[in-house]
Amino acid sequence: MLTKEDVKKIVNEAKTEALEEQDLLIYTLHKIQDHYNENYIPPEVAEWVGEELNVTPAKVYEVLTFYTMFSTKPRGKYVIRVCTSLPCHVAGGREIINALKDELKIDWNQTTKDGLFTLEETGCLGLCGVAPVIMINKDFYGDLTPEKVREIIRELRRGDSE
Amino acid sequence: MPLTTNTILICAGGACVSAGEESVKDALERKLKEYNLQDIVKIVETGCMGACSLGPIMVIYPEGVYYQKLTPEVAEKIVEEHILKGRIVKSHLYKGEKGEVIPQPQEEVAFFSRQVKIATRNVGVINPLDIDEYIARDGYFALHKALKEMTPEEVIQVIKDSGLRGRGGAGFPTGLKWEFARKSPGDKKYMICNADEGDPGAFMDRSILEGDPHSIIEAMTIAGYAIGAQKGFVYVRAEYPIAIERLTEALKQAREYGFLGENILGTDFSFDIEIRIGAGAFVCGEETALMHSIEGKRGQPRVKPPFPAQKGLWGNPSNINNVETLSCVPPIIFHGPQWFKQWGTEKSPGTKVFALAGKVKNTGLVEVPMGITLRELIYEIGGGSPTGKKIKAVQTGGPSGGVIPAEYFDTPVDFESLTSLGAIIGSGGMIVLDEDDCMVDVAKFFLEFTVDESCGKCTPCREGTKKMYEILDKITNGEGTEEDLETLEQLAYIIKDSSLCGLGQTAPNPVLSTLKYYREEYLAHVREGKCPAKKCKELISYVIDPEKCVGCTACARVCPVSCISGEVRKVHTIDQEACIRCGSCIEVCRFGAISKVTPAVSVEVEE
């Protein structure tokens with residue numbers, strides 16, 4: 001858990017990295033989110049960011065809820081982003097989504113009980129050449145079939161229980 | 001530096017990485033070391049080579065031999081056979097339409113030989129993390145020429161003369177845009193690169209950023225000089241982590257070499273660039289929404305005018321160009337406007353990068369002269385259908401675009417021609433559709449996307465697209481009426497006319513173009529409860545042909561709801577009421593005994 005001091009440090013770091021001293025809210029929120037394994041930003045921490053940057057809590061909240069990359073609730077260790085764009089759809093994306101929901105026993109924006117997986121939709125990942133595609137944290141998996149995607153999930157589960 | 005005998009270019013584009021590029025590279029390195037060749041054979045990880053469906057791929061120089069669909073085992077064999085003994089490993093060369101092996105080198109392979117690379121000139125050719133390789137390909141020479149030999153006005157004139165038009169979608173003349181920003185009064189000006197490419201099916205910007213980040217830095221600096229900006233921002237999608245990483249490294253190198261920062265190349269001109277990361281909102285590709293996001297706000301568009309050239313970032317004059325547009329700038333400055341105009345058509349000079357996806361053999365990125373026909377693009381470069389099924393249409397321009405039926409495939413691809421067909425070039429996504437794709441489903445798909453991505457600021461877009469989606473959903477469920485089609489069309493025109501920004505104004509296009517060319521498909525849905533492509537779940541049933549079924553039980557075993565019954569070696573049947581139409585059974589049946597029928601088989605419900 002980040003302390004108020006940590007937040008202050010992160011904000012100051014962002015200020016030195018930036019060429020413009022103007023509003024650094026989104027930039028800093030990304031940095032805060034990277035600190036949490038659960039891929040989220042606790043609301044009170046977001047409020048501290050607002051204090052440091054002189055931004056009202058309402059505005060911080062507005063930004064947090066507008067952008068899909070930010071979450072105020074803890075997400076799983078593995079955030080699975082499923083491309084739901086047309087190239088993936090025509091290449092059998094629907095079956096991939098069904099297989100994922102079935103294997104994980106969760107719906108969109110839910111996290112598995114063991115806290116391992118969160119299932120989210122994403123716009124085009126730009127890997128249409130190997131559609132259908134999913135992204136798990138920062139890794140891409142392409143040319144998927146229902147069997148392949150189940151195997152990926154099982155592999156991650158196995159790796160985690162070791 | 002030791003003398004090298006071979007250079008191996010291995011594609012480290014996103015698609016090849018996902019297909020196992022790293023393990024191939026590891027195998028190469030391991031094997032080279034085993035034969036003590038690590039110092040004389042150089043391995044270079046490049047950006048995307050374009051042929052994504054064939055990955056992982058690599059090219060071995062000096063011969064230029066192109067290898068595809070590699071595995072670690074094949075990579076080891078290539079070291080032993082090709083590198084060590086000079087014998088080409090034929091099994092992994094490019095194969096033609098009938099499976100014939102195409103002679104080398106890479107330049108003779110149809111997929112590559114028809115292309116003209118300007119925007120992607122270095123992508124897949126150089127190591128994006130090595131500024132020296134960029135310089136060796138004439139990199140930063142254009143910046144030098146612009147700063148040392150040209151006035152800002154002359155730079156703008158060259159871009160105007162070249163006829164370069166924005167590659168992000170709208171096709172606005174780039175030189176004119178620069179001139180507006182130059183002439184706009186203000187001490188502080190900004191140069192922005194729009195790297196928030198979000199159109200489903202387009203990934204050229206990611207590919208350029210990952211494969212040739214210096215070309216964007218050079219172009220932005222030239223543009224900054226031309227318009228009189230001191231600072232630049234690259235607004236890039238958070239979904240593109242590799243692009244962000246490589247661009248960050250490239251910026252560092254450019255500063256070290258003095259191509260960015262104070263007094264660039266010893267002139268009075270100072271300029272620097274900063275990356276701003278998006279956070280997942282499609283609307284941020286719209287320029288005013290994008291600027292709001294850079295300012296740290298919700299990415300919502302505003303009314304234009306004032307245009308960004310007058311009032312942009314923090315109220316200062318700003319110029320926004322798309323990644324692909326910018327990457328064309330350095331070669332135009334370097335070679336002159338006439339050089340650029342030798343390709344393309346009169347009104348759309350130059351080349352355009354297209355992302356081929358969907359039902360086509362060679363999916364991936366291709367850069368071709370404007371004016372090429374769709375047929376050449378889809379059949380000659382794309383290799384046609386991978387399954388032999390009939391290609392029905394191509395969808396261009398993503399959610400802002402439309403479909404073009406196969407009978408118009410001889411149309412030249414340029415800004416005007418596609419617009420006249422009710423589609424657009426857009427950012428260059430081309431999704432090839434075949435007879436298995438339902439046009440109502442395609443339209444519904446894009447509407448679902450727009451509903452999701454509408455920022456919610458203006459009512460026509462927020463509420464109107466939702467209503468359109470509901471109607472389309474009704475039609476695909478078999479509950480639509482002919483009256484719904486009329487309402488759909490009416491709504492489409494209202495939303496087009498009254499939305500605030502480009503997202504809403506173009507959102508109805510997929511519906512309008514499918515209604516225009518495929519009205520009979522809509523009518524089959526509403527009149528007969530049929531889905532001609534057999535795609536809409538509610539309108540189809542899976543049935544077993546008793547003549548063909550051998551009772552292997554494969555389908556029954558895979559059915560997730562256990563609705564298939566039958567004894568071993570006897571004909572099986574599907575319980576239509578319990579069937580969820582997931583299609584698992586059809587996939588596993590090796591006897592072709594299961595087929596889809598439309599309309600759905602009616603299920604008798606007991607009172």
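In the predicted model, seven cavities of 30 Å³ or more are found within the structure. The largest of these encloses about 90 Å³ of space, and its lining is made up of I544(B), C549(B), V550(B), G551(B), C552(B), T553(B), C555(B), H572(B), C589(B), F591(B), A593(B) and I594(B). When these lining residues are divided by class, nine are nonpolar and three are polar, while no charged residue takes part.

The interface between the two chains brings 62 residues of chain B into contact with 41 residues of chain A. The area buried between chain B and chain A amounts to about 4100 Å², with carbon and sulfur atoms giving 62% of this area. Of the area that chain B buries against chain A, 15% is supplied by A279(B), R298(B) and F445(B), a contribution greater than that of any other three residues.

With regard to polar interactions, one salt bridge is identified across the interface of chain B and chain A, and the side chains of D441(B) and R94(A) meet in a salt bridge with an N to O distance of 3.6 Å. Eleven residue pairs in polar contact, with both residues at pLDDT 80 or more, are also found across the interface of chain B and chain A. Several secondary-structure elements of chain B each supply at least two residues of the side that touches chain A, among them helix 1 (14-18), helix 11 (241-256), strand 7 (272-277) and helix 17 (439-453). Strand 7 of chain B gives the most to this side, with six residues. By class, the side of chain B that touches chain A comprises 29 nonpolar, 15 polar and 18 charged residues.

Technical notes
Residues numbered from 1 in each chain as written. Chains lettered and ligands numbered in written order. Predicted model: local features only at pLDDT ≥ 70, side-chain atom pairs only at ≥ 80, totals over all residues. Heavy atoms only, no water. 1 Å grid on protein atoms, 1.4 Å probe; cavity = no way out; pocket = protein on both sides within 12 Å on 5 of 7 lines; lining within 4 Å. Points joined across faces, edges and corners; volume = space filled by probe spheres on them. Nonpolar A, V, L, I, M, F, W, Y, C, P; charged D, E, K, R; others polar. Contact = heavy atoms within 4.5 Å. Buried area = accessible area lost by both parts, 1.4 Å probe. Salt bridge = Lys/Arg side-chain N within 4 Å of Asp/Glu carboxyl O. Polar contact = N/O pair within 3.5 Å; in protein donor to acceptor, adjacent residues only side chain to side chain. Helix = DSSP H or I, 4+ residues; strand = E, 2+ residues; numbered from the N terminus.
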